[in-house]
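Trainee: I've got a new structure open and I'd like to learn how to read it. Could we go through it together?

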Amino acid sequence: MSNKRREDKRKDLGLSSEKERKKTESDFQSAQETVKKLAKKREEIESDPVYKLVIKGAFAFDIIDGLAGFLEWIGDSLSSVFHLLNLYISVFVVKSFRLTLAVLSVSLVDLLVGFIPLAGSVLDFVFCSSSLNRHLIRGWVEEDEEVRARVNKIASVSAFIIMGFAAIVAWLTS
């Protein structure tokens, strides 16, 4: 009795089991297409030669950055090249504004640490920005929720800092 009444109500509402089945199949196919698109995009990103270089060479970049930091302008120049590679990946390969903002923030912190006389050279070995950027980029590409949350947090803090500096500049110039 209950099933008959339920079926009648479903028909009155236009929710026949055939329509539900078709809707479910359509949703499933749509989800499969989305997964295929994401897999294809990830494959394209991972096949990029600069992406491969940065992912495989991040540890070496950190060691070179630390050693070159003892030579004032050479260390800063090499560090900038490594940071530009990370920025290239986030802007042109991955194409994510939040990731770009996070990578830029980590890179700027590394440059500021490097400007501290003598201690900056030592701290370059402790603060491994290339490895951190590699972790952020790889986690973003692999859609790791924990890494994405970290990227979002870094990007949010960076955006507020940028807005603060913009407000100060606007106040000073008025």
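Mentor: Sure. One term before we start: a polar contact is a pair of N or O atoms within 3.5 Å, and within protein one of them must be able to donate a hydrogen and the other to accept it. Keep in mind, too, that this is a predicted model.

Trainee: Okay, then which side chain is joined to that of H83 by a polar contact?

Mentor: Start by finding H83, which sits in helix α4, residues 72–93. Leaving aside neighbours within four places in sequence, H83 touches S107, D110, L111, S129 and N133. The polar contact between side chains has a length of 3.0 Å, and the partner of H83 in it is S107.

Trainee: Is H83 buried or exposed?

Mentor: Look at its relative accessible area, which is 4%. Buried means under 20%. So H83 counts as buried.

Trainee: S107 made me look at helix α5. How are α5 and α7 oriented to each other?

Mentor: Helix α5 covers residues 97–114 and helix α7 covers residues 129–141; their axes come within 9 Å and cross at roughly 170°. Angles over 145 degrees count as roughly antiparallel. Therefore α5 and α7 are roughly antiparallel.

Trainee: And how many nonpolar residues are in the contact of α5 with α7?

Mentor: On the α5 side you'll find R98, L99, A102, V103, V106, S107 and D110, and on the α7 side S129, L132, N133, L136, I137 and W140. By class, 2 of these residues are charged, 3 are polar, and the nonpolar ones number 8.

Trainee: What about α5 and α8, how do they sit relative to each other?

Mentor: Their axes are 8 Å apart and the packing angle is about 75°. The range for roughly perpendicular runs from 65 to 115 degrees. So α5 and α8 are roughly perpendicular.

Trainee: Which helix gives the largest share of the largest nonpolar core?

Mentor: That core has 19 residues, and among those touching the most other members are L99, L136 and I137. Helices α3, α4, α5, α7 and α8 each supply at least two residues. The largest share is 5 residues, and it comes from α7.

Trainee: Let's go to V113. Which residues of α6 take part in the contact with α5?

Mentor: V113 lies in helix α5, and leaving aside neighbours within four places in sequence, V113 is in contact with G120, L123 and D124. Helix α6, residues 119–126, packs against α5 at about 145°, with the axes 7 Å apart. From α5 the contact takes D110, V113 and G114, and from α6 it takes G120, L123 and D124.

Trainee: How far apart in space are V113 and P49?

Mentor: Along the sequence, V113 and P49 are 64 residues apart. In space, going from C-alpha to C-alpha, the distance is 29 Å.

Trainee: Last one: what is phi of K95 near, and why look at it?

Mentor: K95 lies in the loop between α4 and α5, and K95 is exposed, with a relative accessible area of 64%. It's worth a look because most residues other than glycine have a negative phi. E143, in the loop between α7 and α8, has a positive phi near 60°. For K95, phi is positive as well, near 60°.

Definitions and conventions: Residues numbered from 1 in each chain as written. Predicted model: local features only at pLDDT ≥ 70, side-chain atom pairs only at ≥ 80, totals over all residues. Heavy atoms only, no water. Helix = DSSP H or I, 4+ residues; strand = E, 2+ residues; numbered from the N terminus. Buried < 20%, exposed > 50% of the residue type's maximum accessible area, 1.4 Å probe, protein only. Contact = heavy atoms within 4.5 Å. Axes fitted to C-alpha atoms, helices over the stretch in contact; angles between N-to-C directions. Parallel < 35°, antiparallel > 145°, perpendicular 65-115°, else oblique. Nonpolar A, V, L, I, M, F, W, Y, C, P; charged D, E, K, R; others polar. Core = buried A, V, L, I, M, F, W, Y, C linked by side-chain atoms within 4.5 Å.
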